[in-house]
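I opened my notebook to jot down what I looked up in this one. Entries are short and in the order I got curious.

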Amino acid sequence: MKNTFILIGLLFLGNVIFAQESNQGKQLWAKSILNQKAPELKVQQWLTDMPDTKGKFVLIDFWATWCGPCRKAIPELNALQKEFKNDLVVIGLSDEAPEKVEAMKTPVIEYYSAIDTQAEMKKQLEVKGIPHVILIDPKGIVRWEGFPLLPGHELTAETIKKLIEKYK
């Protein structure tokens, strides 16, 4: 009987371990919080309507108008928001002044946008390089993190599709 409980415990533990995501050795320019509860999203000001995130995956993109790779990622994030509109909310979060973000005309951001000039969440995650993205499942757990255009570790529609199927 004791051996049965041990076996069941090991099987459960194995399922928990294998259910988690892995960064597979990718370089991060922030503290890793993969498979952990995401910090609370705090914004100073919404530049769009505030999104309804209940029951959805939330992708938060830390970015800036002066950042070339950030601007390059915007069309990709627009496409992800469109493709997964029923399951995903994309939020761009900049620590610049609202006037600076609103003055940027291209590329056009077609997802939710907010600013936090205090960079509260960015500091909590120790983000040292942008763009930095975290993908949070509906239960509030981070399932993907990193530089979305990093060669070999890109955040693609296929990656998001698999995570949605796995954690919805």
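Which element gives the largest share of the lining of the largest pocket? I looked, and α5 does, with four residues. Note to self before going on: this is a predicted model.

**Entry: the largest pocket**

I noted a space of about 330 Å³ in the largest pocket. I found 16 residues in its lining, and Glu21, Ser22, Gln24, Trp144 and Thr159 are the ones nearest the centre. I also checked which elements give at least two residues each to this lining, and wrote down β6 (142-146) and α5 (157-167). Sorted by class, the lining of the largest pocket comes to seven charged, six polar and three nonpolar residues.

**Entry: the second largest pocket**

Next I looked up the second largest pocket, and its volume is about 200 Å³. It has 14 lining residues, with Ala38, Val58, Ile136, Asp137 and Gly140 closest to the centre. How does the lining of the second largest pocket divide by class? I got seven nonpolar, three polar and four charged residues.

**Entry: the cavity**

How many cavities of 30 Å³ or more are there? I counted one. The largest cavity has a volume of about 70 Å³. I wrote down its lining: Phe62, Trp63, Leu93, Ser94, Asp95, Asp116, Ala119, Lys122 and Ile130. Two elements, β2 and β3 (88-94), give two or more residues to that lining. By class, I have five nonpolar residues, one polar and three charged around the largest cavity.

**Entry: the chain as a whole**

I stepped back here. I found five helices and six strands in the chain. Reading along the sequence, I wrote the pattern as α-β-β-α-β-α-β-α-β-β-α. The chain has 168 residues, and 42% of them are buried. I also looked at contacts between residues at least 6 apart in sequence, and 74% of those join residues at least 24 apart.

**Entry: Asp61**

Then I picked out Asp61, which sits in strand β2 (residues 57-63). What is the nearest side chain of opposite charge to Asp61? I found Lys122, 10 Å away. Asp61 is buried and has no salt bridge, since a salt bridge needs the nitrogen within 4 Å of the carboxyl oxygen. Setting aside neighbours within four places in sequence, I listed the contacts of Asp61 as Leu77, Ile91, Gly92, Leu93, Tyr111, Pro131, His132 and Val133. I noticed two names here that I had already written down for the cavity: Lys122 and Leu93 are both in the lining of the largest cavity.

**Entry: salt bridges**

How many salt bridges does a search of the whole structure find? I got six, and I followed up a few.

I started with Glu21 and Lys166, whose side chains meet in a salt bridge at 3.0 Å, N to O. This pair links distant parts of the chain, 145 residues apart: Glu21 is in the loop between α1 (2-19) and β1 (45-46), and Lys166 is in helix α5. Lys166 counts as partly exposed because its relative accessibility is 44%. I had met Glu21 already, as one of the residues nearest the centre of the largest pocket.

Next came Glu120 with Lys42, a salt bridge whose closest N and O atoms are 3.5 Å apart. Here too distant parts of the chain are linked, with Glu120 in helix α4 (residues 120-124), Lys42 in the loop between α1 and β1, and the two positions 78 residues apart. Glu120 has 39% relative accessibility, so I marked it partly exposed. Lys42 has 37%, so it went down as partly exposed as well.

I also looked at Lys168 and Asp87, whose side chains meet in a salt bridge at 2.9 Å, N to O. They are 81 residues apart, with Lys168 in the segment after α5 and Asp87 in the loop between α2 (68-83) and β3. Is Lys168 buried or exposed? Its relative accessibility is 67%, so I wrote exposed. Asp87 has a relative accessible area of 19%, so I wrote buried.

**Entry: Leu150**

Last lookup: Leu150, in the loop between β6 and α5. It counts as buried because its relative accessibility is 13%. Leu150 and Gln27 are 123 residues apart in sequence, yet I got 8.6 Å between them, C-alpha to C-alpha. Leaving out neighbours within four places in sequence, I found Leu150 in contact with Lys26, Gln27 and Trp29.

Conventions
Residues are numbered from 1 along each chain as its sequence is written. This is a predicted model: local features need pLDDT of at least 70, side-chain atom pairs count only at pLDDT 80 or more; totals for chains, interfaces and linings use all residues. Side-chain values use heavy atoms; hydrogens and water are left out. Buried means under 20% relative accessible area, exposed over 50%, partly exposed in between (1.4 Å probe, protein chains only). Lys and Arg count as positive and Asp and Glu as negative; His and the chain ends are not counted. Contact means heavy atoms within 4.5 Å. On a 1 Å grid over the protein atoms alone, a cavity is a set of points where a 1.4 Å probe fits but cannot get out, and a pocket is an open set with protein on both sides within 12 Å along at least five of seven lines; lining residues have an atom within 4 Å of a point. Grid points are joined across faces, edges and corners, and a volume is the space filled by probe spheres set on the points. Ala, Val, Leu, Ile, Met, Phe, Trp, Tyr, Cys and Pro count as nonpolar, Asp, Glu, Lys and Arg as charged, and the others, Gly among them, as polar.
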